[in-house]
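Biologist: I have a structure that is new to me, and I would like to learn how to read its features one at a time. Could you take me through it with care?

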Amino acid sequence: MLTVKGENLRINKLSLDTSEVVVEGEIYNLAYSENDLDKKQSGILGKIFK
């Protein structure tokens, strides 16, 4: 999951087919997280910390 925080954020493009999103505005923070334990083990952090 990607969380975007900021002000005056606008989604200019959202494609569920290609998983692409274009956001405009003043972005203060981008945070990536994985909530499912199984996903953590197979995700990028799981691969780094094997």
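**Reading a two-stranded hairpin**

Modeller: Let us begin with one residue, Val-21, whose place is in strand β2. Please keep in mind throughout that this is a predicted model.

Biologist: Is Val-21 buried or exposed, and how does one decide?

Modeller: The idea is to ask how much of a residue's area remains accessible, where buried means under 20% relative accessible area and exposed means over 50%, with partly exposed in between. Val-21 has a relative accessible area of 44%, and therefore it counts as partly exposed.

Biologist: Which residues is Val-21 in contact with, once its neighbours within four places in sequence are left aside?

Modeller: Those residues are Ile-11, Lys-13 and Leu-14. In the case of Ile-11, the two residues are 10 apart in sequence, while their C-alpha atoms lie 7.1 Å apart in space. Leu-14 has a further relation to Val-21, since Val-21 is its bridge partner in β2.

Biologist: How many bridges join β1 to β2, and in which direction do the strands run relative to each other?

Modeller: There are 11 bridges between β1 and β2, and the two strands run antiparallel. In the wider layout, the protein has 2 helices and 2 strands, and from the N terminus on, the order of these elements is β-β-α-α.

Biologist: What should I look for where the chain passes from β1 to β2?

Modeller: One useful thing to check is the sign of phi, because most residues other than glycine have a negative phi. The hairpin of β1 and β2 has 4 residues between the strands, and within it Ser-19 takes a positive phi near 55°. Ser-19 is found in the loop between the two strands, and because its relative accessible area is 67%, it is classed as exposed.

Biologist: Where else does a residue that is not a glycine have a positive phi?

Modeller: Asn-8 is such a case, with a positive phi of about 55°, but its place is in strand β1. Asn-8 has 60% relative accessibility, so it too counts as exposed.

Biologist: Which side-chain contact should I notice around Ser-15?

Modeller: The side chain of Ser-15 makes a polar contact with the side chain of Thr-18, at 2.9 Å. Ser-15 is found in strand β1, and because its relative accessibility is 16%, it counts as buried. For the protein as a whole, buried residues make up 8% of the 50 residues.

Biologist: How many salt bridges does the structure hold, and which residues form them?

Modeller: To read a salt bridge, one looks at the side-chain nitrogen of a Lys or Arg and asks whether it lies within 4 Å of a carboxyl oxygen of Asp or Glu. The structure holds 2 of them. In one, Arg-10 pairs with Glu-24, and the closest N and O atoms are 3.6 Å apart. This pair links distant parts of the chain, with Arg-10 in strand β1 (residues 2-15) and Glu-24 in strand β2 (residues 20-32), 14 residues apart. In the other, Lys-13 pairs with Glu-20, with 3.2 Å between the closest N and O atoms.

Biologist: How accessible are the residues of these pairs?

Modeller: Arg-10 is partly exposed at 42% relative accessibility, and Glu-24 is partly exposed at 40%. Lys-13, at 40%, also counts as partly exposed, as does Glu-20 with a relative accessible area of 34%.

Biologist: What about nonpolar side chains that are found at the surface?

Modeller: Here one asks whether accessible nonpolar side chains group together into a patch. In this model, Leu-2, Leu-9, Ile-27, Leu-30 and Tyr-32 make a nonpolar surface patch of about 510 Å². Each of β1 and β2 supplies at least two residues of the patch, and β2 gives the most, with 3 residues. Ile-27, one of the patch residues, is found in strand β2, and because its relative accessibility is 39%, it counts as partly exposed.

Biologist: How does the patch fit into the accessible surface of the protein?

Modeller: The accessible surface of the whole protein comes to about 4,600 Å², of which 54% belongs to carbon and sulfur atoms, and the patch of about 510 Å² can be read beside that total.

Conventions: Residues are numbered from 1 along each chain as its sequence is written. This is a predicted model: local features need pLDDT of at least 70, side-chain atom pairs count only at pLDDT 80 or more; totals for chains, interfaces and linings use all residues. Side-chain values use heavy atoms; hydrogens and water are left out. Buried means under 20% relative accessible area, exposed over 50%, partly exposed in between (1.4 Å probe, protein chains only). Accessible areas come from the Shrake-Rupley method with a 1.4 Å probe; for residues, only the protein chains shown count as cover. Patches are made of residues with over 30% relative accessible area and no salt bridge: like charges are joined within 9 Å, nonpolar side chains (Val, Leu, Ile, Met, Phe, Trp, Tyr) within 5 Å. Contact means heavy atoms within 4.5 Å. A polar contact is a pair of N or O atoms within 3.5 Å; within protein, one must be able to donate a hydrogen and the other to accept it, and residues adjacent in sequence count only if both atoms are side-chain atoms. Two strands pair if DSSP finds at least two bridges between them.
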